[in-house]
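Welcome! Please take a look at the sequence and the 3D model below, and then read on for a short tour.

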Amino acid sequence: MGSPQHVSHVRASSSASTDVDGGGLNGNQDNLLPIANVGRIMKDVLPPQAKISKHAKEIIQECATEFVGFVTGEASERCHQERRKTINGDDICHAMRSLGLDHYADAMRGYLRRYRESEEVAAALNNNNGREIQIDVRDELSIFRSNEQRQGRN
């Protein structure tokens, strides 16, 4: 099993892949996921009247950062063994499965498939009329679906 030691900096690209530099996560504040993004995700899955303390956001921020580093480290090991420098969505799915996170791997595989399909549709539409089109796939993710269902009950 891998560790996040091979990963220090990840940069998302439009092709759903990540460039990886060597190094390690050192707990530095700069290496944490942005607290505003973490808070927004937390808020999205809670009822509208729910409040989240700063401490709760910070704890989830640390846990989510560790989780991302853990999975990315495993994916990085696979890329290193295959002499590749770019982690892609398939590597993340494989890492989740090899770490025993099959449920997450299955969800990620479905999201990745729909993301790629939407990218193909958007590319075809963009090539046909010259205007850029974005397709939102958030409604496909269970985290957003459950939030909409909760809000529909209120």
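## Salt bridges and the helix beside them

Glu-82 and Arg-78 join their side chains in a salt bridge, with N and O 3.4 Å apart. The term salt bridge is used here when a side-chain nitrogen of Lys or Arg is within 4 Å of a carboxyl oxygen of Asp or Glu. This is a predicted model, in which local features need pLDDT of at least 70 and side-chain atom pairs count only at pLDDT 80 or more, while totals for chains, interfaces and linings use all residues. Residues are numbered from 1 along each chain as its sequence is written, and side-chain values use heavy atoms, leaving out hydrogens and water.

Glu-82 also meets Arg-84 through a salt bridge, at 3.0 Å from N to O. Together with Asp-91, the residues Arg-78, Glu-82 and Arg-84 are linked in a network of salt bridges. Another pair is Lys-54 with Glu-58, whose closest N and O atoms are 4.0 Å apart. Both of these residues lie in helix H2, 4 residues apart, or about one turn of the helix. In general, an α-helix has 3.6 residues a turn, so residues three or four places apart point the same way. The full count is 10 salt bridges.

How open to the surroundings are these side chains? The table gives the relative accessible area of some of them, where buried means under 20%, exposed over 50% and partly exposed in between (1.4 Å probe, protein chains only).

| Residue | Relative accessible area | Class |
|---|---|---|
| Lys-54 | 62% | exposed |
| Glu-58 | 29% | partly exposed |
| Arg-78 | 24% | partly exposed |
| Glu-82 | 41% | partly exposed |
| Arg-84 | 28% | partly exposed |

Now for the wider layout. The protein chain has 5 helices and 3 strands, arranged from the N terminus on as β-β-α-α-β-α-α-α. Helices (H or I, at least four residues) and strands (E, at least two) are DSSP runs, numbered from the N terminus. Of the 154 residues in the protein chain, 25% are buried.

Helix H2 covers residues 54-81. Its 28 residues should span 40 Å at 1.5 Å a residue, and its end C-alpha atoms are 40 Å apart, which agrees. The expected span is 1.5 Å times one less than the number of residues in the helix. Buried residues of H2 include Gln-61, Gly-69 and Glu-74. Just after H2, Arg-83 takes a positive phi of about 55°.

Which residues form the largest nonpolar core? Its 10 members are Val-71, Ala-75, Cys-79, Ile-87, Ile-92, Ala-95, Met-96, Leu-99, Leu-101 and Ala-105. At least two of these core residues come from H2, and at least two from helix H3 (89-98). A nonpolar core is a set of buried Ala, Val, Leu, Ile, Met, Phe, Trp, Tyr and Cys residues joined through side-chain atoms within 4.5 Å.

His-94 has its place in helix H3 and is partly exposed, with a relative accessible area of 39%. Its C-alpha atom is separated by 8.8 Å from that of Arg-78, although the two residues are 16 residues apart along the chain.
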